[in-house]
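Here is a quick tour of a protein model for the bench. Have the structure open as you read.

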Amino acid sequence: MKTNCLIYLLAVVSLFACKKGGEVICITSPDQTIQIGVEVHGPLSYRVTRNGVELVALSSIGLELQEKESDNYFIETVTRRSVNQTLTPLYGKFKHLPDHYNEAILTFTNGQQLVIRAYDEGVAYRFITRYNEEVIVENEKVTVNVAGDPAVIFAETDNYTAWELMYMDYETTSAITAGKKAITPVLFSFPENVKMVVTESDSEAIRVCIYVRRMTRLPENLPPIPIVPLSVAGDLYRWYVLLKTI
């Protein structure tokens with residue numbers, strides 16, 4: 001079954017220690033303002049900064065697959081490339097869109113890959129599996145530990161079955177009471193007029209709803225992810241997206 005999942009973490013990024021080919025792999029945007037770094041030491045985690053200011057603190061990610069090892073990520077190879085091209089969308093407001101980013105593909109010894117990208121507008125990541133048989137995804141771990149205590153706007157829901165929802169506006173993330181539920185997109189407003197949107201794309205083949213999962217001081221009461229047969233070798237998983245709006 002073909003499954004497309006893409007994670008665009010389009011955010012504002014800080015500078016932190018990065019080792020080429022080591023346990024920390026970093027990608028910086030073409031304009032050098034945004035950076036995403038992935039730490040690989042068994043468990044997998046990332047962080048995002050902009051102009052040296054941390055927007056997303058160290059946050060865990062990973063695929064939990066039935067009958068496969070979880071949190072067992074060790075780098076086999078790292079492949080890097082830069083892309084600068086123009087896209088021509090079939091629909092929308094713009095006739096042409098720039099597609100300019102730096103990318104790294106991390107190949108792990110456990111049969112998975114992680115694609116990370118840094119754009120001038122933010123960052124993105126997605127998983128790829130390289131198995132010769134179908135795998136069952138029991139959970140896709142996605143954590144967004146937002147730095148500081150920014151204001152936030154998100155759509156609250158009780159059942160995750162509706163898309164036309166009321167958006168709630170909180171002056172700080174710490175003001176959100178326990179038990180609140182939300183779906184993406186979620187907008188964070190940081191000091192100095194910096195804003196970041198967390199969302200996803202290519203998600204239609206995996207879940208009926210799109211969720212914000214385990215975000216710092218964001219809704220903790222989140223729906224379980226069903227066990228669903230997903231992929232054969234080379235399948236792509238959803239992109240998760242953090243978008244810099246200003």
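What follows covers the cores, a surface patch and one loop.

This is a predicted model, so residues are numbered from 1 along each chain as its sequence is written, local features need pLDDT of at least 70, side-chain atom pairs count only at pLDDT 80 or more, and totals for chains, interfaces and linings use all residues. Side-chain values use heavy atoms, with hydrogens and water left out.

Start inside. The largest nonpolar core (buried Ala, Val, Leu, Ile, Met, Phe, Trp, Tyr and Cys joined through side-chain atoms within 4.5 Å) has 44 residues. Those with the most contacts inside it are L44, Y46, L106, L114, I116 and F127. Strand β5 (residues 53-65) gives the most to this core, namely five residues; strands here are DSSP E runs of at least two residues, numbered from the N terminus. Another core, of seven residues, lies apart from it, and V115, Y119, I128 and W239 are among its members.

Now the surface. L87, F94 and L97 make up a nonpolar patch (over 30% relative accessible area, no salt bridge, nonpolar side chains joined within 5 Å) with about 260 Å² of accessible area together. L87 sits in strand β6 (residues 75-87).

Buried means under 20% relative accessible area, exposed over 50%, and partly exposed in between (1.4 Å probe, protein chains only).

| Residue | Relative accessible area | Class |
|---|---|---|
| L87 | 38% | partly exposed |
| E192 | 78% | exposed |
| N193 | 46% | partly exposed |

Which loop holds E192? E192 is in the one between β14 (182-190) and β15 (194-201), and N193 lies in the loop between β14 and β15 too. E192 has a positive phi of about 60° without being a glycine, and N193 also has a positive phi of about 60° although not a glycine.

Methods:
Helix = DSSP H or I, 4+ residues; strand = E, 2+ residues; numbered from the N terminus. Patch = residues over 30% accessible without salt bridge, like charges linked within 9 Å, V, L, I, M, F, W, Y side chains within 5 Å. Areas by Shrake-Rupley, 256 points an atom, 1.4 Å probe, with all protein chains shown as cover. Salt bridge = Lys/Arg side-chain N within 4 Å of Asp/Glu carboxyl O.
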